[in-house]
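Here are my notes after a look through this one. Have the structure open while you read.

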Amino acid sequence: MTVQADDELWSAIGDPSRRQVLDLIVSNGAVSASWLAGRVPFSRQAVAKHLAVLEEAGLVSRRKQGREVLYQVAADRLDQATRAMAELAAQWDRRLATIKRLAEAAHTESRESKEEAPS
Amino acid sequence: MPGLVIVREILIDAPIDVVWRTVTEPDQVSQWFADRVDLVIEPGAHGYMRFGDQGGPVVVETVDPPTRFSFRWNHPRDEEPVVGNSMLVEFTLTPEGDERTQLRVTESGHELRAWPEAEKQRYADEHREGWGDFLDQLVTLLAKRQQG
C-alpha cells in the first residue's frame, strides 16, 4: 500500500489519553510518572500503562535520577512520526488536487457541450 | 473533531454531483488514487485497489450521494476491517453555491474511532488544539534540540 504507516507508532499516538501523556512530556522535558499522574484526569496505573506503550513504541525513554525514574521524549522517533504524518497529509493533498483538476475539466467539458448544442 | 489523524480540504469549481462522480466512479478513482480499482460503490462492498505491484483490500462503509463516501483499508488481508485494525477514509462534499464544492477528506485509524462519545468530548474540551498543536510542539522541540 502507499501508506507506509508504522502500526506500533500509530497505535501508540492514536489513543487520546496516551497522546495527552506524550504532550506533557514533550512540553515539560524529563518528568516522573507521579508528576504526570497529577496532571491528567486518569489513574496512576493508567499513566504507567501509557508510559509502557510509549516506551515500547520508542517514543519515550527513561532514566534514573537518584531515586526517581524520569521519562523523556525520544526525538528521533518523534521526528519520524511527524514526518510520517506530514507525508500522509501531502499524499492526500496531491490526490485532492488531482480530483479538483478532473472534476473541473469534466464540468468545463459538459458546460461547453451544452453551449454548442442547438437550443 | 478530536483524534483524527489527517484532515485535508480543497475547494473545487464544479457542482457537487460532478465532484461526487469524480470521487466515487471506479474509472475516475483510478486516475487520482490507485492504478486499478475493483470496487462497487455500495455499503459493505469488498474491493481491491492496486498501486503498482502492491495493493490491498478495501471495504466500502458509507455511500450517501452526493455528500458522503467512506471506506476502510490497511487492514490485515485475512481479517474483516473493523474499528481497531484498519484506517477509515471519509470524503465529505459540501456545496458552496451551484458551481462550487468543498471537498474534505479525513483519514483516521486504529483506536481513533473506538472511543466512547463522552471520552471524545472530554478530550476535545481538555485538548482543543488536537493534532495541529501536537505537531507544532514536536517541530518546536526538534528545532530546539537541533540548536542545542
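1. What should the 13 residues of helix α2 (residues 16–28) of chain A span at 1.5 Å a residue, and how far apart are its end C-alpha atoms? This is a predicted model, so a quick geometry check is a fair place to start. The expected span is 18 Å, and the end C-alpha atoms of α2(A) are 18 Å apart, which agrees.

2. Staying with α2(A): its buried residues are Pro16(A), Arg18(A), Arg19(A), Gln20(A), Val21(A), Leu22(A), Ile25(A) and Val26(A). After the helix comes Gly29(A), with a positive phi near 75°.

3. Now the sheet in chain A. It is open, with 3 strands in the order β1-β3-β2 and antiparallel pairing. β1 (31–32) and β2 (60–65) of chain A are the edge strands, each pairing on one side only. Between β1(A) and β3 (residues 68–73) of chain A there are 2 bridges, and Val31(A) sits opposite Tyr71(A) in β3(A).

4. As for what packs on the sheet, α2(A) lies across β1, β2 and β3 of chain A, at about 90° to β3(A). Helix α4 (residues 44–56) of chain A packs there too, touching β2 and β3 of chain A, and its direction makes about 115° with that of β2(A).

5. On confidence, chain B has an average pLDDT of 76, with 69% of the residues scoring at least 70. Within chain B, helix α1 (residues 16–24) is highest at 95, while helix α4 (residues 130–147) is lowest with a mean of 46. The pLDDT is below 50 over residues 123–133 of chain B, a stretch that has 7 contacts beyond near neighbours in sequence.

6. For the model as a whole, ipTM is 0.71 and pTM is 0.67.

Note on methods. Residues are numbered from 1 along each chain as its sequence is written. Chains are lettered from A and ligands numbered from 1 in the order in which they are written. This is a predicted model: local features need pLDDT of at least 70, side-chain atom pairs count only at pLDDT 80 or more; totals for chains, interfaces and linings use all residues. Helices (H or I, at least four residues) and strands (E, at least two) are DSSP runs, numbered from the N terminus. The expected span of a helix is 1.5 Å times one less than its number of residues. A residue is buried if 20 or more other C-beta atoms lie within 10 Å of its own, exposed if 12 or fewer, and partly exposed in between; C-beta atoms are placed from the backbone. pLDDT is the predictor's confidence in each residue, from 0 to 100. Two residues are in contact if their C-beta atoms, placed from the backbone, lie within 7 Å. Two strands pair if DSSP finds at least two bridges between them. Axes are lines fitted to C-alpha atoms, for helices over the stretch in contact, and angles run from 0 to 180 degrees between N-to-C directions.
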